[in-house]
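Work through the exercises below with the coordinates loaded. Try each task before reading its solution.

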Amino acid sequence: MEDKIKKILISKEKIADRIHELGKDITKEYKDKNLYVLSLLRGSFIFAADIVREIDLPTKIGFMTTSSYGHSEVSSGCVKVVNDIQDDIKGCDVLIVDDIIDTGITMDFVIGHIKALGATSVKCCVLLDKPERRKLELKPDFCCFEIPDVFVAGYGLNYGDYYRNIPYVFNWE
Ligand code: IMP
Ligand code: MG
């Protein structure tokens with residue numbers, strides 16, 4: 001991919017504007033609730049850091065690592081917990097934050113896992129949604145952008161473990 005040209009799909013300014021709006025929606029939704037933001041590593045680390053700073057409420061923040069893709073562009077369809085959530089989330093209103101919902105397999109798995117741990121409510125928030133690729137019926141509760149069926153990287157999303165630090169979302173021409 002290194003020799004190909006990067007095409008910006010979503011600029012850093014557009015991302016920042018949309019996150020600002022979404023933060024307001026989340027703040028409204030979780031007012032008077034017991035918010036716990038669960039960031040899925042590694043893909044959501046940048047998005048989660050930005051969105052939590054736009055949520056004007058007291059919140060706990062935790063992390064969990066799952067894996068399914070490895071180094072491939074195609075999902076293996078099998079989700080593993082690499083590092084589980086560290087806190088007791090009984091009684092919490094958990095908002096799962098991820099970079100992207102693609103097939104939906106990861107998010108569906110994590111929602112089930114968090115419900116089983118006794119959360120009061122479980123919703124999800126993603127930077128990107130690729131609805132064309134869905135294998136399970138699942139709609140994100142909060143989403144910044146819908147994108148077509150193209151493999152993207154940047155702003156936390158990786159390709160072969162690289163490009164997470166690129167400040168915008170791009171694909172290759
Ligand atoms: P799903 O289980 O198929 O919904 O995939 C979710 C995970 O796959 C995301 O958390 C990403 O880490 C990864 N993923 C899916 N599509 C892309 C992409 O276009 N670029 C980079 N990572 C992706
Ligand atoms: Mg991921």
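**Exercise 1. A charged pair**

Is R134 buried or exposed, and with what relative accessible area? Then find the partner of R134 in a salt bridge.

Solution. The model is predicted.
- Step 1: The cut-off for buried is under 20% relative accessible area. R134 has 19%, so R134 is buried.
- Step 2: R134 forms a salt bridge with D129. Their closest N and O atoms are 2.7 Å apart.
- Step 3: Check the partner. D129 has a relative accessible area of 4%, so D129 is buried.

**Exercise 2. A salt bridge between loops**

Which parts of the chain does the pair R133 and D149 tie together?

Solution.
- Step 1: Take the distance. The closest N and O atoms of R133 and D149 are 3.9 Å apart. The cut-off for a salt bridge is 4 Å, so the pair counts.
- Step 2: Place both ends. R133 lies in the loop between β6 and β7, and D149 in the loop between β7 and β8 (169-172), so the salt bridge ties together parts 16 residues apart in sequence.
- Step 3: Add the accessibility. R133 is partly exposed at 26%. D149 is partly exposed at 43%.
- Step 4: Extend the search. Salt bridges with shared partners join D102, K130, R133 and D149 into one network.

**Exercise 3. The sheet**

In what order do the six strands of the open sheet run? Locate the helix α1 against the sheet.

Solution.
- Step 1: The order is β4-β3-β2-β5-β6-β7, with mixed pairing.
- Step 2: Find the edges. β4 (80-83) and β7 (142-146) each pair on one side only.
- Step 3: Get the twist. Neighbouring strands are turned by 30° against each other on average, direction ignored.
- Step 4: Inspect one pair. β2 and β3 (residues 60-67) run parallel and are joined by six bridges. S39 has F63 in β3 as its bridge partner.
- Step 5: Add the helix. α1 packs on the sheet and touches β5, β6 (121-129) and β7. The direction of α1 makes about 155° with that of β7.

**Exercise 4. Helix to strand**

How many salt bridges does a search of the whole structure find? Analyse the one between K123 and E29.

Solution.
- Step 1: The search finds nine salt bridges.
- Step 2: In the pair K123 and E29, the closest N and O atoms are 2.7 Å apart.
- Step 3: K123 lies in strand β6 and E29 in helix α1, so their salt bridge ties together parts 94 residues apart in sequence.
- Step 4: K123 is partly exposed, at 26% relative accessibility. E29 is also partly exposed, at 29%.

**Exercise 5. An acid without a salt bridge**

Which side chain of opposite charge is nearest to D93, and how far away is it? Describe the surroundings of D93.

Solution.
- Step 1: D93 lies in strand β5 (residues 93-101).
- Step 2: D93 is buried. The nearest side chain of opposite charge is K33, 5.6 Å away. A salt bridge needs 4 Å or less, so D93 has none.
- Step 3: Look for another polar partner. The side chains of D93 and S121 make a polar contact of 2.6 Å.
- Step 4: List contacts beyond four places in sequence. Among them are Y30, K33, N34 and T120.
- Step 5: Follow N34. N34 sits in the loop between α1 (12-29) and β2 (35-41). N34 is partly exposed, at 42% relative accessibility. Beyond four places in sequence, N34 touches G91, C92 and D93.

Notes
Residues numbered from 1 in each chain as written. Chains lettered and ligands numbered in written order. Predicted model: local features only at pLDDT ≥ 70, side-chain atom pairs only at ≥ 80, totals over all residues. Heavy atoms only, no water. Helix = DSSP H or I, 4+ residues; strand = E, 2+ residues; numbered from the N terminus. Buried < 20%, exposed > 50% of the residue type's maximum accessible area, 1.4 Å probe, protein only. Contact = heavy atoms within 4.5 Å. Lys, Arg positive; Asp, Glu negative; His and termini not counted. Polar contact = N/O pair within 3.5 Å; in protein donor to acceptor, adjacent residues only side chain to side chain. Pairing = 2+ DSSP bridges. Axes fitted to C-alpha atoms, helices over the stretch in contact; angles between N-to-C directions.
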